[in-house]
Amino acid sequence: MRKACLETVYELAKQDPRVFFIGSDLGAGTLEQFKREMPERFFMEGVSEATVIGVAAGLAMEGKIAYVNTIATFLTRRCFEQIVVDLCLHNANVRLIGNGGGLVYAPLGPTHLAIDDIAILRALPNMTIVAPADANEMRRFMLATLAHEGPIYIRLAKGGDPIVTSDQTPFEIGKAVPMREGADALIVTTGITLKPALDAAAALSQHGIDAAVLHCPTVKPLDVEALRQAASPVCAIVTIEEHTLMGGLGSAVAEVVAEAGFNPAKRFTRIGIPDVFPDQYGSQASLMRRYAITAEQLVSTVTSLLSGAMQATRS
Amino acid sequence: MSGSPTLITDTQPQTRSATRLDERSLALRRTIVRMMAAGSRGHLGSACSLVEILRVLYDEILRYDPQQPRWPLRDRCILSKGHGCLALYAILADKGFFPVEELDKFCHADGILGGHPEHGKVPGVEASTGSLGHGLAIGIGFALAAGHDRLGHRVFVIMSDGECNEGSVWEAALYASKHQLSRLTVLIDYNKQQSYGSTFEVCDLEPLADKWAAFGFAVEDVDGHSLSALRSVLTRMPLQSSKPSAIICHTIKGKGIPYAESNPEWHHKSKISDDEVQQLLAVLASPPGVSS
């Protein structure tokens, strides 16, 4: 996914002279071709996220489109005020490309786990947050970044993630993608948890449960209309995300569902990382299992919510 | 450091300025007080130390067109010490960037002039500032874009001494010198007072000129209230052809108002009374025989 993202930055730069790239001490050889062919628009700077964000804002205020890339935790936590003031307040055309969204850097420990990136950026006016599900969707999304007004945070997954989206599905920033229809339950997801969501829906159908899957690559602004529409017929809604339960996709969906005033009320559960710093290393997959961010957990949660709803109806 | 400093850096705070203010400097300060009266508040000391720096820049150095505040070839001037905005508003109004009536709506709900300057709201304000340590990096972005586009305009960033406590300033300084941004000039309003008290007490910056030189800037010290000294140095930008420049402007916080000079109580005033306003205007009145 990172490869698809950066390759598209190169392509965009080739076609549009407004595109600049700024990295903060990335790995050797990053975007070598970009650097070779367009050195005047390629900047590899020091470990100085605050300055990199400010410079990107300055470039954007002069009509450029700056793509900034470094590890997601450093890109969101260290320079948070620069993101607020320099990017969001100026509504600057800067694209933040965060490596290792979620639990990708499991072996490196809590300093590198971007499990709060969506929550902290979601509070910022003008900020758009996008977490594609696979490399193909990343490419379609990146092509749309050129025309977008305002800052975007782009959450990268590990790479080599299974391809679950279709090239036939057009990408539109701010639009949710209904991946599967269903009248019993709704699974809402973003990023790479689309795969377990689809697996769970397939497994549930084996049990006669018709679960819809709504993929929200754009977490902010959330596609409220699509969410309400998908939620309307179902009894139960479950969200799944590779992110803390505090303030991420699940919270955003909860806000919409709570305010929608559905009658009868929907059964609702969020699946994600609890309010802790992960206490194990291992791998992204092992931490996902530890916090039950899995298709199996989705199946049991949906089943349990529907069974509760049925009991309530009978009584 | 390039050339000889025009003023020896004193490691003790200056408390009173020897430089006499002319009528235009007094009038700009009266405009500052006019805004404080309208908003009942303001960073008086921080604005008064800036007046001559801004005056020389806008009267004699910067290229701009108040009728076309986004003119692409204009020089960019960022007030990174956004809390000094009363001085900036005074000069921008004087130059016709916006109607002078706005001055009387300082901090009002229906005004464009707030306690910190906002880009997009106030014509002539190049970047929204107010949180210290942001302006230099934005100015670097401006300078890089100008270089890329082969445009000749320059970038000036005005910072406070307290602002130089911020790590982001020094990150940005490394960045500017790496790219040899000679079109970029930093002006430091070195009034040697920050919010709590003296910079020597709160967070000593000395040797400040040496620090900027060590970070790759061509540096010069100047009396920040002397029009001729400011003019002399600012007409020689860049100080060196392949380096960004840093001008350390030795100033007096609250300059022009004897009881406010270097007095931390006048860093920021809220709930300023009518009597205090009248007293300030009296102090800043034109000398006899000069029409205001």
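The following paragraphs describe the overall form of chains A and B in a predicted model, together with selected local environments in each chain.

In chain A, the secondary structure consists of 12 helices and 12 strands. The chain has a radius of gyration of 20 Å, close to the 20 Å that the globule rule gives for 315 residues, and is therefore as compact as a globular protein of that length. Along the principal axes, the C-alpha atoms of chain A fill a box of roughly 70 × 40 × 35 Å. Of its 315 residues, 61% are classed as buried. Among contacts in chain A with a separation of 6 or more, 78% are accounted for by residues 24 or more positions apart. The surface that chain A exposes amounts to about 12,200 Å², of which 52% is supplied by carbon and sulfur atoms. Chain A carries 27 positive and 33 negative charges, and the mean positions of these two sets are 2 Å apart.

Two loop residues of chain A were examined individually. Thr30(A) is placed in the loop that links β1 (19-24) to α2 (32-37) of chain A. Its relative accessibility is 12%, and Thr30(A) is counted as buried because this value falls under the 20% cut-off. When neighbours within four places in sequence are set aside, the contacts of Thr30(A) are with Arg2(A), Leu6(A), Phe42(A) and Met44(A).

Gly150(A) occupies the loop between α7 (135-144) and β6 (152-155) of chain A. With a relative accessibility of 0%, Gly150(A) likewise counts as buried. Leaving aside neighbours within four places in sequence, Gly150(A) is in contact with a run of residues comprising Asn91(A), Ala92(A), Asn93(A), Val94(A) and Arg95(A). A separation of 17 Å is found between the C-alpha atoms of Gly150(A) and Leu12(A), which are 138 residues apart along the chain.

Chain B contains 10 helices and 7 strands. Its radius of gyration is 18 Å, close to the 19 Å that the globule rule gives for 292 residues, so chain B is as compact as a globular protein of that length. The box filled by the C-alpha atoms of chain B, taken along the principal axes, is roughly 50 × 45 × 35 Å. Buried residues represent 57% of the 292 residues in chain B. For contacts in chain B with a separation of 6 or more, residues 24 or more positions apart account for 77%. Chain B exposes about 10,900 Å², and 49% of this area comes from carbon and sulfur atoms. The charged side chains of chain B number 29 positive and 33 negative, with the centres of the two sets lying 4 Å apart.

Within chain B, the pairing of strands β5 and β6 was considered in further detail. Strand β5 of chain B spans residues 218-223, and 5 of its 6 residues are buried, so the strand is largely enclosed by the rest of the structure. β5(B) is joined by 6 bridges to strand β6 (residues 245-250) of chain B, and the two strands run parallel. One of the residue pairs in this arrangement involves Asp221(B), whose bridge partner in β6(B) is Ile248(B). In a regular strand, side chains alternate between the two faces of the sheet.

Note on methods: Residues numbered from 1 in each chain as written. Chains lettered and ligands numbered in written order. Predicted model: local features only at pLDDT ≥ 70, side-chain atom pairs only at ≥ 80, totals over all residues. Heavy atoms only, no water. Helix = DSSP H or I, 4+ residues; strand = E, 2+ residues; numbered from the N terminus. Rg over C-alpha atoms; globule rule 2.2 N^0.38 Å. Buried < 20%, exposed > 50% of the residue type's maximum accessible area, 1.4 Å probe, protein only. Contact = heavy atoms within 4.5 Å. Areas by Shrake-Rupley, 256 points an atom, 1.4 Å probe, with all protein chains shown as cover. Lys, Arg positive; Asp, Glu negative; His and termini not counted. Charge placed at Lys NZ, Arg CZ, Asp CG, Glu CD. Pairing = 2+ DSSP bridges.
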